[in-house]
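Notebook open, structure loaded. I start with one side chain and work outward from there.

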Amino acid sequence: MIDRSTVQALESVSTATLSAQLRNRGIENAFLEHLTVGQPGKRMVGEARTLRYTALREDVFAVRGGGMNEQKRVVDTIRPGEVLVIEARGDLGAGTIGDILALRLMRRGGVGVVTDGGARDTPALRELGLPLYFGAPHAAVLGRRHVPMDSDLPITCGGVLVMPGDVLCGDAEGVVVLPAAIAADVARAAVVQEREERYITEQVAKGESLDGLYPMGEAHRKQFELWSEDGADEVS
Ligand SMILES: O=C([O-])CC(=O)C(=O)O
Ligand SMILES: [Mg+2]
């Protein structure tokens with residue numbers, strides 16, 4: 001479980017900052033690609049609960065597709081603080097979740113849905129207010145393209161490896177995946193980076209040159225430290 005202060009810190013920083021912090025630690029492939037942001041006004045921080053859809057094969061779908069299938073089993077057992085992440089191979093030719101399952105997930109304390117496939121019922125889904133990241137709207141049910149195959153395994157979503165329990169962070173730009181083991185450290189460093197960037201932005205707004213400012217040279221570093229001590233960076 002991620003602690004409350006880490007969640008709060010992660011909610012306060014952007015995915016761009018987190019992406020830079022991961023790059024500092026050698027992780028380049030952490031931002032999920034080609035996703036639409038369903039709730040640009042919402043932040044998302046939660047633990048990955050993974051679900052994998054394979055390509056459709058009618059004989060397998062006949063066995064695994066209907067009734068209380070893997071999709072519904074996972075949604076029905078979501079735990080508080082979890083984000084449902086669906087691998088749909090980037091196939092946009094069918095929905096992979098709709099508003100009723102998303103509502104069930106919310107009632108169980110789930111904090112978001114991420115899928116690199118289609119989403120259906122998107123007008124109603126958006127009304128729920130649940131953080132949602134998806135490939136594209138598609139009205140058809142999943143059985144048009146997928147078999148809901150298995151869950152709680154490493155998956156690929158948006159071209160990124162997502163391990164069960166990874167920390168998923170979403171903002172109006174998209175979603176970044178953090179390994180749980182470094183989430184607290186990344187969160188702390190991201191808060192520091194954003195304080196520096198607030199100082200830099202303030203200087204740029206005043207007309208300062210980028211030279212020696214971004215990245216910060218020694219002179220600006222000293223000025224930044226005074227600025228920090230003054231509490232000029234306090235976020236209201
Ligand atoms: O078909 C689905 O994936 C589920 C659906 O419509 C809903 O949850 O409302
Ligand atoms: Mg529906």
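Entry 1. I looked up Tyr199 and got 1% relative accessibility, so I log Tyr199 as buried. Note to self: this is a predicted model.

Entry 2. Which ring does Tyr199 sit edge-to-face with? I found Trp227: the ring centres are 5.5 Å apart and the planes stand at 70°, over the 60 degrees needed, so I call the pair edge-to-face. Trp227 comes out at 9% relative accessibility, so that one goes down as buried too.

Entry 3. I checked where the two rings sit along the chain. Tyr199 belongs to helix α7 and Trp227 to helix α8, and 28 residues separate them, so to speak of a link between distant parts of the chain is fair.

Entry 4. I then went through the ring pairs. My count is 3 aromatic pairs, and ring pairs join Phe224 to Tyr199 and Trp227 in a cluster.

Entry 5. Next, the helices themselves. α7 covers residues 183-205 and α8 covers 218-229; their axes are 10 Å apart and the packing angle is about 105°. That falls within 65 to 115 degrees, so I write the two down as roughly perpendicular.

Entry 6. I listed who touches whom. From α7 I have Arg195, Glu196, Arg198, Tyr199, Glu202 and Gln203; from α8, His220, Arg221, Gln223, Phe224, Trp227 and Ser228. Sorted by class, this contact holds 5 charged, 4 polar and 3 nonpolar residues.

Entry 7. Last, I pulled the domain assignment: domain 1 runs 28-178 and domain 2 runs 186-229. I get 38 Å between their C-alpha centres.

Notes
Residues numbered from 1 in each chain as written. Chains lettered and ligands numbered in written order. Predicted model: local features only at pLDDT ≥ 70, side-chain atom pairs only at ≥ 80, totals over all residues. Heavy atoms only, no water. Domains from an automatic or database assignment. Axes fitted to C-alpha atoms, helices over the stretch in contact; angles between N-to-C directions. Helix = DSSP H or I, 4+ residues; strand = E, 2+ residues; numbered from the N terminus. Parallel < 35°, antiparallel > 145°, perpendicular 65-115°, else oblique. Contact = heavy atoms within 4.5 Å. Nonpolar A, V, L, I, M, F, W, Y, C, P; charged D, E, K, R; others polar. Phe/Tyr/Trp six-rings, centres within 6.5 Å; stacked < 30°, edge-to-face > 60°. Buried < 20%, exposed > 50% of the residue type's maximum accessible area, 1.4 Å probe, protein only.
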